[in-house]
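Here are some notes for your reading of the model, set out as numbered points on its core and its charged pairs.

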Amino acid sequence: MPEFNGFPEAALDFYDDIEMDNTKTFWEAHKDVYRTAVAEPMKALTAALADEFGEAKIYRPYRDVRFAKDKTPYKTHQGAFVAKGPSTGYYVQIGAPGVRVGVGYYEASGPRLASIRDAIVEDRRGGELERIIKKMTASGWELGGDKLKTAPRGYDADHPRIDLLRHKSMTLGKSYGFDPIIHTPELIDRIRADWRTATPFVEWVRTYAKG
């Protein structure tokens with residue numbers, strides 16, 4: 001496996017261009033750029049992190065357009081995901097806006113979501129999650145995910161953690177944007193440090209998401 005030396009400028013340029021010309025013609029003319037500037041560096045990056053976090057799934061560059069109104073064939077970013085539970089784990093992507101990392105669960109079955117919400121309601125477990133999120137958002141992470149507009153059925157709308165209870169999925173993300181570090185091998189250490197910071201959140205979900 002080649003060493004990771006950063007994502008070249010050509011990776012950002014590739015995604016800038018594909019946002020303007022998302023066609024098979026463009027892809028066929030530039031697939032070598034995708035391979036050398038995007039795919040191979042992403043494989044090297046995730047391989048360098050695998051010793052601590054586990055093997056990553058590197059997503060295919062093709063969109064599933066079977067049921068989509070948007071029929072453009074190619075994704076406008078390249079993502080990789082390290083699974084630590086059902087739909088739960090660590091994430092990194094490269095696209096036109098630069099590099100972004102994230103953690104969380106992007107969907108949950110009915111029983112898993114109910115167990116997460118029951119943990120959020122309880123003072124000890126819910127308070128622990130609240131402290132983890134507060135610490136992360138204070139250091140630049142952004143809380144995201146799909147949310148209900150109102151309180152979930154069966155839960156008190158006046159609960160002090162109602163905002164967390166409304167989540168159907170929950171993620172924490174951080175963007176490096178165009179920071180020069182994304183073009184260097186030091187990006188490995190930056191992502192490693194951020195994923196370590198986010199590990200208590202991942203472990204909380206793994207512990208309390210049952211079903």
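The points below take the core before the salt bridges.

1. This is a predicted model, in which local features need pLDDT of at least 70 and side-chain atom pairs count only at pLDDT 80 or more, while totals for chains, interfaces and linings use all residues. Residues are numbered from 1 along each chain as its sequence is written, and side-chain values use heavy atoms, leaving out hydrogens and water.

2. The largest nonpolar core (buried Ala, Val, Leu, Ile, Met, Phe, Trp, Tyr and Cys residues joined through side-chain atoms within 4.5 Å) has 57 residues, with Trp195 and Phe201 making the most contacts inside it. Its largest share, eleven residues, comes from helix α2 (residues 24-53), helices being DSSP runs of H or I with at least four residues, and strands runs of E with at least two, numbered from the N terminus.

3. Beyond its neighbours within four places in sequence, Phe201 is in contact (heavy atoms within 4.5 Å) with residues including Val103, Leu129, Ile132 and Met170.

4. The structure holds 17 salt bridges, each a side-chain nitrogen of Lys or Arg within 4 Å of a carboxyl oxygen of Asp or Glu. In one of them Arg192 meets Glu52 at 3.0 Å, N to O; Arg192 lies in helix α6 (residues 187-208) and Glu52 in helix α2, so the pair ties together parts 140 residues apart in sequence. Arg192 is buried at 13% relative accessibility, whereas Glu52 is partly exposed at 35% (buried means under 20% relative accessible area, exposed over 50%, partly exposed in between, with a 1.4 Å probe and protein chains only).

5. Asp51, Glu52, Arg192 and Arg196 are linked in a network of salt bridges.
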